[in-house]
Amino acid sequence: MSKEIIQNGKFVSLTYSIADPDGNTLEQSDLPVSYIHGGETELIGGMDRAVAGKCQGDEVTLTIPSSDAFGEYDPDLTFTDEIDNVPPQFRQLGAEVQMQNEAGEVKSFYVTKIENGKLTVDGNHPLAGKTLVVKVKILEVREATKEDAMSVGLPGQSHTLN
């Protein structure tokens, strides 16, 4: 029996790790991540193309420039204010602050610095501006079932694996 290869419509299960170019691990998923290849789920930085044609057991390593991963770091997405102007529940590193612009769009910002009576929030993704080295291990490739489509997303729903 020949091995199934990753192509559109195949159910794929994989694990991955993301590191910086110096080999420092930034994120790791030891629990399998599953998706239907060619569906609505987006894999960062061309991972879809990198795993296409591969089989169960294959490992793929790719380097993704920041522009294809989480974008360039935008200094205009950081704001600093006097800590006394910030509600007490947000006065801790890592706190999530929802902000809304004039158009009514809501974006998450995170407290990244508290220093000298000032608090800084940042709306950039933590990996923005970073070149990423992604290592993928393909655990399973098979025909997708209706149940798979229900559990990993129906066509028309957008999901991002990161």
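**A tour from the whole chain to one ring pair**

The chain holds two helices and 10 strands, and since this is a predicted model, every value below is computed from its coordinates. Colour the chain by secondary structure and follow the elements from the N terminus, where the order reads β-β-β-α-β-β-β-β-β-β-α-β. With a radius of gyration of 19 Å, well over the 15 Å that the globule rule gives for 162 residues, the chain is more spread out than a compact globule. Turn the C-alpha trace along its principal axes, and the spans come to about 65 × 35 × 25 Å.

Next, show the surface of the chain, which exposes about 10,000 Å², with carbon and sulfur atoms supplying 47% of that area. Of the 162 residues, 35% count as buried. If you then select the charged side chains, you will find 13 positive and 26 negative ones, and the centres of these two sets lie 6 Å apart.

For the contacts within the chain, consider those between residues at least 6 apart in sequence: 65% of them join residues at least 24 apart.

Finally, which residues should you select to see the aromatic pair? The structure holds one such pair, formed by phenylalanine 79 and phenylalanine 109, whose rings are tilted, with 5.7 Å from centre to centre and 55 degrees between the planes. Phenylalanine 79 belongs to strand S5 (residues 78-82) and phenylalanine 109 to strand S7 (residues 106-115), so that the pair, 30 residues apart, links distant parts of the chain. Phenylalanine 79 counts as partly exposed because its relative accessibility is 42%, whereas phenylalanine 109, at 5% relative accessibility, counts as buried.

Terms used
Residues numbered from 1 in each chain as written. Predicted model: local features only at pLDDT ≥ 70, side-chain atom pairs only at ≥ 80, totals over all residues. Heavy atoms only, no water. Helix = DSSP H or I, 4+ residues; strand = E, 2+ residues; numbered from the N terminus. Rg over C-alpha atoms; globule rule 2.2 N^0.38 Å. Buried < 20%, exposed > 50% of the residue type's maximum accessible area, 1.4 Å probe, protein only. Contact = heavy atoms within 4.5 Å. Areas by Shrake-Rupley, 256 points an atom, 1.4 Å probe, with all protein chains shown as cover. Lys, Arg positive; Asp, Glu negative; His and termini not counted. Charge placed at Lys NZ, Arg CZ, Asp CG, Glu CD. Phe/Tyr/Trp six-rings, centres within 6.5 Å; stacked < 30°, edge-to-face > 60°.
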